[in-house]
Amino acid sequence: GGFSMDLNEYQKRMDDALGEVKHLLVQSGYYDNLTLENIDCDRDDPDDVQRWNELTNASKLLLKAVDDLNHLQRPIAGTSRLHLNTSGRYEDDFHEYTSGSDIECLLADNCNKPCWVLSRVEVDDDGNYYIVGYKGLNMDGLETRVRN
């Protein structure tokens, strides 16, 4: 039933749409400085201020979408596994991960099917590293991959 398209076509159309979005975000100043600095706004008009705030929020979400899909375009350099090193940090064959590091790892999704996930590493108050969104997960031996 109904309309259907394959994943590749959808990704291509999304990439095209987000290419336009990125151009707009660059022109507005949001892409580089996270504010609509190039957009004129009457700060004394409550309607303008509301629109400015909503457009700023939308710009933030769209920038994340642009970055997330750009990540998929980057070629994969290789895969390896995490282990704890002598400095007490996790590393794989490519990187040592510290607080704030992006990490792409193979995890089970909601249906318990393996799925590559992009997240980041953070450290808790006790000095233990974890992957954001997967706090209880044992990181040792986790499969990771890096992109160029």
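Visitor: Which residue in S3 is the bridge partner of Leu84?

Guide: Bear in mind that this is a predicted model, where local features need pLDDT of at least 70, side-chain atom pairs count only at pLDDT 80 or more, and totals for chains, interfaces and linings use all residues. Residues are numbered from 1 along each chain as its sequence is written, and side-chain values use heavy atoms, leaving out hydrogens and water. Strands are DSSP runs (E, at least two residues), numbered from the N terminus. S2 is joined to S3 (residues 90–91) by 2 antiparallel bridges, and in S3 the partner of Leu84 is Tyr90.

Visitor: Which strands stand at the edges of that open sheet?

Guide: Two strands count as paired if DSSP finds at least two bridges between them. The open sheet has 3 strands in the order S2-S3-S4, paired antiparallel. Each edge strand has a single partner, so one side of each lacks a neighbour in the sheet; these are S2 (83–84) and S4 (96–97).

Visitor: How many bridges pair S5 and S6?

Guide: Take one example: Ile103 has Ser119 in S6 as its bridge partner. The two strands run antiparallel, and the number of bridges between S5 and S6 is 7.

Visitor: And in the hairpin of S6 and S7, which residue takes a positive phi?

Guide: S6 and S7 are antiparallel too, over 3 bridges, with Glu122 partnered by Tyr130 in S7. There are 5 residues between the strands, and the one with a positive phi near 85° is Gly127.

Visitor: Which strand gives the most to the largest nonpolar core?

Guide: A nonpolar core is a set of buried Ala, Val, Leu, Ile, Met, Phe, Trp, Tyr and Cys residues joined through side-chain atoms within 4.5 Å. The largest one has 13 residues, and Ile103, Val121 and Met139 are among those touching the most other members. S5 (102–108), S6 (114–123) and S7 (129–131) each supply at least two residues. With 3 residues, the top contributor is S5.

Visitor: How far from Cys105 is the nearest cysteine sulfur?

Guide: A disulfide needs two cysteine sulfur atoms within 2.5 Å, and the structure holds 0 of them. For Cys105, the nearest cysteine sulfur is that of Cys115, and the distance is 9.6 Å.

Visitor: Is Cys115 buried, exposed or partly exposed?

Guide: Buried means under 20% relative accessible area and exposed over 50%, with partly exposed in between (1.4 Å probe, protein chains only). Cys105 sits at 0%, which is buried. Cys115 has a relative accessible area of 30%, making it partly exposed.

Notes: Helix = DSSP H or I, 4+ residues; strand = E, 2+ residues; numbered from the N terminus.
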